[in-house]
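Here is a set of short exercises to work through with the model open beside you. Try each task first, then follow the solution step by step.

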Amino acid sequence: MDTDTDTAAPANTADPTRPDLPGGHPSELSSPPPRGETAARRSATRALLRLSPYAGTVRTPLVTATLLALLAVLAGLAMPLAIGAAIDGPVAERDLAGLGWMAGLVLLLGLVESGLHLARRRIMSGPTTAVEARMRQDLFHHLQRLPVAFHDRWPSGQLLSRAVNDLSTIRRFFAFTSVFLVVNTITILVGLAILFSISPVLALIMVVIGIPTALITLRVEFRYNSESRLAQDQQGDLATTFEESVLGVRVLKSLGRGRHLARHFAAQARQLRGTELRKIHLLGWVWMWIMVLPEIGVAAMIAYGGYGVATGTMTVGSLVAAITILAYLRFPIDSMGWLFSEANETATASDRYWEVRDSLREIEDPAEPADLPRPVRGELRFEDVRFRYSGSGGAEERAGDDEVLRGVDLTLVPGETMALVGATGCGKTTLTALASRLADPTGGRITLDGVDLRDLRLADLRTAVTTAFEDPVLFSASVRENVRLGAPDATEEEVVAALRVAHALDFVSALPWGLDTRIGEQGLSLSGGQRQRLALARAVVARPAVLVLDDPLSALDVHTEAEVEAALRRVLSGVTSLLVAHRPSTVRLADRVALLEGGRVTAVGTHHELLASEPGYRALLATPDDEDGRDGVAEPAGNEVSSR
Amino acid sequence: MSDPADAGTPDAGRSPAPTTTPSPTDTSTPGDDWRGVAAEDVEDPEGQASLRLERRSRRLLGELIRPRRGPVALALLLTVLQNASYLAGPLLVAGAIDVGLPAALDGRPEPLLWFVLGYAGAAIVSAVLQFAFITLSGRLGQDVLLELRQRLFRHAQRLSVSFHEGYTSGRLISRMTSDMESLDRLLAEGLDGLFTSLLSMIGIAALLLWMDAPLALIMLAALVPLVLVAGWFRSRSRSAYRRTRSSMANVITHLVETMNGVRAVQAYRREHRNDEIMGEASGEFRRANKRALDVLAVFVGATRSLGNLNLVVVLAVGGWWVADGRLELGVLTAFLLYLRRFYEPLDRLAMVLDSYTGAAAALEKISGVLAEAPHVAEPSEPVRLVSSRGDVRFEGVEFGYGEDRPPVLPRFDLEVPAGQTVALVGATGAGKSTLAKLLARFYDPSAGRVTLDGVDLRDLADEDLRTAVSMVTQESFLFSGSIADNIRLGRPEATDEEVVAAARAVGAHPFVTSLPDGYRTEVHKRGGRLSAGQRQLIAFARAFLAAPAVLVLDEATSSLDLPAEQAVQRALETVLRGRTAVIIAHRLSTVLIADRVLVMDGGRIVEDGPPAELIGSAGGRFHALHEAWRDSLV
Ligand SMILES: Nc1ncnc2c1ncn2[C@@H]1O[C@H](COP(=O)(O)OP(=O)(O)OP(=O)(O)O)[C@@H](O)[C@H]1O
Ligand SMILES: Nc1ncnc2c1ncn2[C@@H]1O[C@H](COP(=O)(O)OP(=O)(O)OP(=O)(O)O)[C@@H](O)[C@H]1O
Ligand SMILES: [Mg+2]
Ligand SMILES: [Mg+2]
């Protein structure tokens with residue numbers, strides 16, 4: 001056929017159907033999730049073997065089901081024999097009583113056969129759906145604990161297609177494919193053995209025919225494998241594009257770009273169709289050979305048998321018997337084509353599944369966790385903290401100029417509120433993420449009450465330190481559940497108190513079901529400021545020892561901001577807090593201010609001290625009125641890397 | 001009872017308007033109260049509506065198949081031929097044994113050879129036809145899927161924002177992924193199995209009727225219980241499969257949401273709870289799926305038993321008739337042989353019926369989305385707007401999210417002449433974004449109208465409207481892809497230079513060039529590669545590049561530091577010349593560049609005038625706001 005094994009190249013690289021729209025969404029250009037190129041070269045068997053830990057949990061039912069299926073096949077085979085006996089015996093002899101007995105026997109065999117099939121399916125339905133659920137649960141469990149960096153790179157469509165499509169393929173493998181691979185193989189072998197006992201030469205003919213069949217199958221298997229990998233990856237891409245188009249529907253609408261993305265989606269869908277068609281083509285090809293070669297074998301056998309009968313080396317009876325056996329083998333042999341494709345898809349699915357499961361969690365509980373002193377004082381200290389986003393980009397990466405944080409030294413005294421000020425993109429959010437170990441520093445260390453964060457249990461750390469993120473993510477759950485996210489045991493009073501601090505109680509009570517109202521996916525049915533206040537309430541309800549607030553008031557109007565500030569001030573007294581701020585108003589909440597510049601904390605002091613002494617600080621936080629005539633300073637920020 | 005005096009308190013709110021009483025069907029799993037109450041919980045209901053659902057999905061299926069009648073007919077023809085050549089095999093074998101062998105014994109090997117060659121030939125023809133059929137029907141199936149995927153995508157884009165808010169992305173995604181997969185399975189396996197099985201059954205039935213009508217009638221009578229069992233199976237497995245569809249949607253929703261909010265999940269130690277929730281959702285799916293499989297097991301068992309029973313009856317009756325001399329022994333033998341073949345494809349047919357039921361449940365869900373009429377629909381005969389001046393008017397506009405909720409914007413009028421820059425300020429939740437969204441036609445007002453250059457937005461073609469009005473939403477959503485791709489979304493045909501110019505204008509250029517890959521930097525999922533402020537700048541550059549007649553900025557600079565914000569303001573002053581602009585901002589520095597300020601409170605515009613004038617009017621709200629803001633700057 002037309003392609004060679006190099007079709008296993010990564011998805012979409014050389015794709016003629018890609019729209020030449022410059023604004024296309026090349027989500028596929030971001031390479032992170034490994035593509036099939038390596039997987040295809042691995043053997044399908046090895047991929048299937050990786051399922052063995054899960055296969056182990058269904059071993060007993062699997063073996064039972066296989067036995068039952070085998071018995072059912074045997075009963076099925078015995079039925080025509082019994083019918084034959086009935087016809088040759090009682091019917092031919094007009095013996096009605098005997099006929100009754102034989103009919104009873106056939107009935108028995110028939111009921112046994114169908115009963116066994118029923119039992120097999122019943123036995124498997126529970127365990128195999130359980131395995132699927134279990135694998136999904138394990139995947140989900142693992143995913144939740146993978147570092148944020150992983151999630152930034154893996155589009156959720158790819159994860160989704162693994163958790164849904166791949167797992168259902170694997171379930172089907174356990175339920176049917178594996179069982180019938182075994183049963184059919186045994187049936188075919190038994191058939192061959194009987195054939196051999198009738199006439200070794202006839203059996204030999206079948207074996208000889210089997211060799212090219214196996215070769216063709218193996219050759220195609222390789223290609224089929226890489227195509228099915230490609231198809232599954234493309235399904236993931238498609239899911240990703242669709243997901244983005246749905247989540248970003250407001251942007252697409254406001255710019256009128258729905259059609260544009262639809263064209264991109266169509267191109268991707270057509271690619272998937274192309275891959276599926278190639279798969280179907282390969283499958284049809286294998287199937288064709290699997291069908292035709294044994295038939296040619298049968299033809300050869302008849303020819304040979306006929307010759308044998310003519311020359312007297314074989315009886316008509318044994319030839320007929322041989323042909324009958326082959327007729328019974330027909331279905332098992334034919335279905336091998338389908339089983340073959342299913343097994344390959346399962347191998348691919350298993351590869352894709354384990355790719356995610358094999359990703360390292362990186363951020364985990366230490367082997368010998370240290371304990372935090374009780375009560376936690378909340379002294380947070382950054383010591384020469386360095387951070388670099390891994391794989392953040394191009395060739396210059398190794399030049400060493402890409403560290404976001406380059407030796408941050410900062411100590412938060414217990415109970416103090418420290419504002420963190422810096423230009424857009426200078427690394428404030430990065431620094432706050434380190435405090436609750438969403439990422440680990442690539443150099444230096446961070447301590448809480450003198451203990452390195454990496455020596456703490458994650459649960460302890462994240463109970464002691466909570467963060468309100470700059471993008472307030474709300475989950476589709478009730479307001480109460482969203483606020484109690486980090487403190488599931490918080491009482492109603494505590495929730496209400498937290499809402500009050502965030503100045504959110506008024507609007508929450510005005511919601512149709514109050515605290516029980518489900519707030520839409522990502523809280524989009526609330527206004528921006530309302531969402532931000534809920535995220536704030538969530539951070540304060542847990543009464544952490546260290547509170548990290550990343551630009552918590554950016555979406556609030558001046559009046560509300562002042563009120564929230566007043567309430568926060570009460571909460572913040574006694575709590576160590578790190579407060580990312582862009583506005584003088586927010587800075588006023590702080591006891592001290594740290595200025596983050598060029599990946600370092602270059603100055604720490606009170607707002608007024610820094611205003612007086614630090615030109616960089618003045619540039620960031622001076623009022624526009626002071627600014628008149630000093631336009632030069634206002635070169636937009638964010639270029640800290642190049643400016644240094 | 002009749003006095004809703006305390007409608008504002010949570011408790012009174014708990015008894016919602018009767019029309020939207022949340023149905024227990026979707027939320028009745030134990031321990032489910034965390035999910036909270038919402039009005040959209042009613043999924044496609046079971047029962048009476050079931051017929052309607054089926055009709056709707058059948059119609060969709062018809063729409064998809066009809067244009068492909070030709071290939072479908074060809075595929076049918078191929079299977080007929082394939083089956084014919086397949087069935088020829090046994091006849092040729094019989095011929096070889098009955099005719100060829102005796103001849104060979106007589107020393108004439110030619111007839112046997114011919115039979116053998118004929119057999120091989122039939123096998124080859126059958127295999128080639130099979131290949132042709134598989135590729136053809138595969139292509140058909142893939143074409144149908146492709147079209148359905150595209151339709152779903154386009155339709156999802158056409159549907160209004162309010163639909164998306166109610167339906168949730170997870171469910172929509174599950175329509176596109178797992179429901180499509182069900183269909184794929186039916187198309188991949190079903191067509192083949194269905195045609196082949198039906199054909200061989202029909203063929204054999206005809207043959208048997210021809211051989212011996214009375215006996216064949218006995219045998220055909222057994223089809224009656226079979227049809228009954230199939231009916232039982234359909235109804236049971238349909239409801240099971242429907243449940244698998246909605247529970248899978250829950251699994252997907254939970255997965256997607258968790259993955260998208262993974263920062264919060266980890267920082268708030270939500271993992272365990274999420275595991276539990278996933279366990280529940282996945283367990284529900286597992287139960288539904290197991291149920292469907294168990295029903296299938298019974299069905300397959302029952303059809304087999306019926307088939308075997310039938311065989312026994314024919315054997316007994318036939319044997320009796322043979323003994324009576326009413327029937328030839330040979331006929332009975334052949335009959336029994338064929339009868340077994342008759343029931344063989346029944347297994348496959350059961351599987352087809354099973355995939356069909358699964359796919360039908362999926363198709364119901366998909367057709368449900370497709371049948372959803374866009375609330376904010378494009379007009380059928382749009383008024384063309386060649387180049388908009390940017391004259392915006394709200395005339396007697398009223399708006400509320402959902403009829404049962406109090407209006408967010410009570411009736412108001414507003415006129416923004418072309419070229420004016422209007423700033424919208426007010427407390428959070430006052431309705432600023434809502435007003436902006438009406439202007440961008442995310443929603444249609446519940447009364448009154450919004451016009452652009454005197455034309456009702458509802459009469460404008462989407463294309464024209466979107467070219468004329470662009471909005472930077474409060475949440476700066478970036479798509480995966482490069483920075484350039486994201487900016488270019490504003491105007492796909494823009495050159496690289498224009499993209500850079502837009503970035504430069506909003507002050508994003510310096511940071512972009514400092515990135516290792518510059519404009520080709522991948523922003524990762526939702527722009528996770530960039531800082532919040534950087535994302536805002538990109539989103540801003542995107543709208544900038546679109547260069548609309550009316551630009552709506554909803555807190556487009558809230559995450560920027562002051563110098564960056566000032567740079568943006570300077571850019572705005574040049575950009576907005578000659579354009580109409582609506583700027584929503586809490587930082588009054590942005591507001592001061594406006595020609596006119598609107599102060600909103602509780603959905604009403606309470607002050608309206610040039611900024612300097614409003615600042616001067618002591619006692620006014622803007623005055624107070626401005627005072628507070630000035631204080632906050634120190
Ligand atoms: N996942 C990532 N991979 C690579 N680089 C990143 C990643 N996230 C952020 N960066 C880069 O690191 C720098 C710091 O980002 P960070 O989000 O910490 O900025 P910030 O100070 O919080 O800015 P802002 O005020 O806009 O929120 C930015 O230049 C950004 O481009
Ligand atoms: N999609 C929605 N569905 C239901 N209610 C909504 C939706 N969006 C907003 N609301 C409600 O409408 C009111 C006005 O919201 P809007 O987003 O217009 O406020 P805003 O003035 O933009 O506030 P902010 O400054 O916080 O962004 C709020 O009470 C909000 O909860
Ligand atoms: Mg930030
Ligand atoms: Mg808003």
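A polar contact is a pair of N or O atoms within 3.5 Å; within protein, one of the two must be able to donate a hydrogen and the other to accept it, and residues adjacent in sequence count only if both atoms are side-chain atoms. This is a predicted model, in which local features need pLDDT of at least 70 and side-chain atom pairs count only at pLDDT 80 or more, while totals for chains, interfaces and linings use all residues; side-chain values use heavy atoms, with hydrogens and water left out. Residues are numbered from 1 along each chain as its sequence is written, and chains are lettered from A and ligands numbered from 1 in the order in which they are written.

**Exercise 1. Find where ligand 1 lies and describe what surrounds it.**

Step 1. Place the ligand: ligand 1 sits between chains A and B. Its surroundings comprise 20 residues, and the closest are A:T429, A:T430, B:R529, B:S531 and B:G533. A residue counts as near when one of its heavy atoms lies within 4 Å of the molecule.

Step 2. Look for polar contacts. The backbone of A:G425 brings an N or O atom to 2.8 Å from an oxygen atom of ligand 1. From the side chain of A:T429, a polar atom lies 2.5 Å from an oxygen of the ligand. On the chain B side, an N or O atom in the side chain of B:S531 is 2.6 Å from an oxygen atom of ligand 1.

Step 3. Check the cover. On its own, ligand 1 has 640 Å² of accessible area, and the protein covers 93% of that. Such areas come from the Shrake-Rupley method with a 1.4 Å probe; for residues, only the protein chains shown count as cover.

Step 4. Name the elements. At least two residues of the shell around ligand 1 are supplied by each of α12 of chain A and α17 (532-546) of chain B. Helices (H or I, at least four residues) and strands (E, at least two) are DSSP runs, numbered from the N terminus.

**Exercise 2. Which protein atoms are the donors of the magnesium ion (ligand 3)?**

Step 1. Pick out the donors: they are OG1 of A:T429 and OE of A:E470, at 1.9 to 2.4 Å from the ion. Donors are N, O and S atoms within 2.8 Å of the metal (3.2 Å for Na, K and Ca); water is not among the atoms, so sites may look incomplete.

Step 2. Trace them along the chain. A:T429 belongs to helix α12 (residues 428-435) of chain A, and A:E470 to the loop between β6 (465-468) and β7 (477-478), 41 residues apart.

Step 3. Are they buried or exposed? A:T429 has 27% relative accessibility and counts as partly exposed, whereas A:E470, at 19%, counts as buried. Buried means under 20% relative accessible area, exposed over 50%, and partly exposed in between (1.4 Å probe, protein chains only).

**Exercise 3. Turn to ligand 2 and list its contacts and cover.**

Step 1. Ligand 2, too, lies between chains A and B. Around this ligand are 21 residues, the closest being A:S527, A:G529, A:Q530, B:S433 and B:T434.

Step 2. The side chain of A:S527 has an N or O atom 2.7 Å from an oxygen atom of ligand 2. A polar side-chain atom of B:E165 is 2.8 Å from a nitrogen atom of the ligand, and one of B:T434 is 2.4 Å from an oxygen atom.

Step 3. Taken alone, ligand 2 exposes 630 Å², of which the protein buries 93%.

**Exercise 4. Which residues coordinate the magnesium ion (ligand 4)?**

Step 1. They are B:S433, through OG, and B:Q474, through OE1, at 1.8 to 2.4 Å.

Step 2. B:S433 is in helix α12 of chain B, and B:Q474 is in the loop between β6 (469-472) and α14 (483-488), 41 residues apart. Both residues are buried.

**Exercise 5. Inspect the backbone around A:P375 and A:R437.**

Step 1. The peptide bond from A:R374 to A:P375 is cis, with omega near -15°. A:P375 is found in the loop between α11 (316-358) and β1 (380-387) of chain A.

Step 2. A:R437 is not a glycine, yet has a positive phi of about 55°. This residue is in the loop between α12 and β4 (443-448) of chain A and is buried, with a relative accessible area of 3%.
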